[in-house]
Amino acid sequence: MTKRSEPGNGLQGANLEQTRSLNRRAVFEAVRRHGPITRAELAQRIGLTVQGISNISAELEEAGLIRQEGKRLGQRGQPAVELSVNPKGGYTVGLSLAYRRVVGVLVDLAGTVVAEDDQILRERAPEATARALQALTKALLKESKVPEREVWGIGVSVPGTVSNGAFWYDKVQEADEWTKYPLAPELEKLTGARVLVENDATVAAVGESLYGVGRTASSFFYLHFNLGVGGGLVLDGHHYRGAFGGAGEIGHMIVKPGGRPCPCGSRGCLEQYVSLYAAAEMVCGPDRTPDEVPEEELVEYLRAGDQRLLAWQQEAGQYLKIAIRNIEAIFDPDTVVIGGGLPQEMMDGLIAAASPLLPSMMHRSASTLPRIMPAEHASALPALGAAALPIAVLLQQPGSASAAWSVPTAAVKTRSNPALALLGVDFAQPPQGG
């Protein structure tokens, strides 16, 4: 068994088998992201010899992870064989926990949704929620007829702060029993599969990295709008969680010292000005709380030219400018991606109010990407981002920008997958990373 390196110990050595596993992962990831692709193109992209690529691709093909797609015509010499990911090489489950419902998808390796379902969350206690997520997973497998052994893992998107597999308190689940509730270990016991739980904003960033803007931008910050506003950070293709899982909490960046009080204990946080909650505060009146105002009502007010919402939009745009300028100064991303549950008309108005952006401190003349980009990944299906989570975490490279995850429970160790074993994934250990 490979000894796991401790965070902060610098560069670590690798034995021969680790190197082989890393090379297999690199080839598999390149085929999955850029296929159909030839062996010569893989060699150029990864830095291995064509012979080395041929040997590794043969192993991956035998394991059912990739397949020969066809031949590249129109070039000199013999047509080159193209490789692509085998959609049936593995599956992941994505679950999204919302206020009164859970949504789930089962996705193949190509990112295609094989099965989809949602259920009303009738009980909000942690144990009942875990059982509802298990029932939804079981329903997806039954509908798709995919064997449990072919499922690589389950990703869960939650509207709260996650640390080492524990779901922390969040205003969406207003109950003390949710404080540090170990959702991932409990769901692993119920399903027998590897479970990875993450904040919804980070999950959105992971989905965008695999299926959206990440195909052209290796580093970006994802601004995720919902009732509040959160963020997800992708650096060089890897999502960054931070030392305690709280990286990207942009909603609690102070943009107005001494401003409006925030539940986090500070004053003047971005979320108090730039969020659906802040917009709803303008129109809810004394008889409703802001989270009781439907999004459709806000859109109707905006279409009618309601001065309260127009004033919110202008003020929010100014604070959004500050946030984007700070993000660029700290992380220097390729672009800032804006997405989430904010209705499109409100999103368009907010971006317009933030234009022109404050001058960037970096010289971006070489960049082909705009400073702000709309998310491509479907915000209407957050569970799809959750389904990307097991692939993003289990196959990440050692030293990538990610904190340690919780050790899987004993129930997972018996479900080791031969294809994952070939890629060096050991369910008896946390995924390799930061």
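Biologist: Which strands does helix H4 lie across?

Modeller: Helix H4, residues 126-144, lies across S4, S5, S6 and strand S7 (151-158). Its direction is at about 145° to S6. Please keep in mind that this is a predicted model.

Biologist: Thanks! How many helices and strands are there in the chain?

Modeller: The chain has 13 helices and 15 strands. Let's stay with the strands that H4 touches.

Biologist: Happy to. What holds strands of a sheet together?

Modeller: The general idea is that strands in a sheet pair through backbone hydrogen bonds, in a parallel or an antiparallel way. In this structure, 5 strands make an open sheet, and their order is S6-S5-S4-S7-S10. The pairing in this sheet is mixed.

Biologist: Which strands are the edge strands?

Modeller: They are strand S6 (113-120) and strand S10 (195-199), and each of them pairs on one side only. As for the twist, neighbouring strands in this sheet are turned by 15° against each other on average, with direction ignored.

Biologist: Now a single pair, please. How many bridges join S4 to S5?

Modeller: There are 7 bridges between strand S4 (residues 91-97) and strand S5 (residues 101-108), and the two run antiparallel. To see one bridge up close, find Tyr91: its partner in S5 is Asp108.

Biologist: And how do S5 and S6 pair, parallel or antiparallel?

Modeller: S5 and S6 are antiparallel, with 7 bridges between them. Look for Leu106, which stands opposite Ala115 in S6. These two strands form a hairpin, with 4 residues between S5 and S6. In the turn you will find Gly111, which has a positive phi of about 90°.

Biologist: Which strands does helix H11 lie across?

Modeller: Helix H11 (residues 382-394) lies across S4, S5, S6, S7 and S10, running at about 130° to S4.

Biologist: Let's turn to side chains. How many salt bridges does the structure hold?

Modeller: It holds 13 salt bridges. One of them is between the side chains of Arg24 and Glu59, at 3.2 Å from N to O. Arg24 is in helix H1 (residues 16-34) and Glu59 is in helix H3 (residues 50-62), so this pair ties together parts that are 35 residues apart in sequence.

Biologist: Is Arg24 buried or exposed?

Modeller: The idea is to compare a relative accessible area with cut-offs: buried is under 20% and exposed is over 50%, with partly exposed in between. Arg24 has 8% relative accessibility, so Arg24 counts as buried. Its partner Glu59 has 32%, so Glu59 is partly exposed.

Biologist: Which helix holds both Lys189 and Glu186?

Modeller: Both lie in helix H5 (residues 183-191), 3 residues apart, which is about one turn of the helix. Their side chains meet in a salt bridge at 3.6 Å, N to O. Lys189 is exposed at 54%, while Glu186 is partly exposed at 26%.

Biologist: What about Arg288 and Glu297?

Modeller: Their side chains form a salt bridge too, at 2.8 Å from N to O. Arg288 is partly exposed at 28%, whereas Glu297 is buried at 18%. Salt bridges can also link up in a network, as Glu29, Arg32 and Arg33 do here.

Biologist: To finish, what share of the chain do buried residues make up?

Modeller: Buried residues account for 52% of the 434 residues in the chain. The accessible surface comes to about 19,900 Å², and 51% of that belongs to carbon and sulfur atoms.

Key
Residues numbered from 1 in each chain as written. Predicted model: local features only at pLDDT ≥ 70, side-chain atom pairs only at ≥ 80, totals over all residues. Heavy atoms only, no water. Pairing = 2+ DSSP bridges. Axes fitted to C-alpha atoms, helices over the stretch in contact; angles between N-to-C directions. Contact = heavy atoms within 4.5 Å. Salt bridge = Lys/Arg side-chain N within 4 Å of Asp/Glu carboxyl O. Buried < 20%, exposed > 50% of the residue type's maximum accessible area, 1.4 Å probe, protein only. Areas by Shrake-Rupley, 256 points an atom, 1.4 Å probe, with all protein chains shown as cover.
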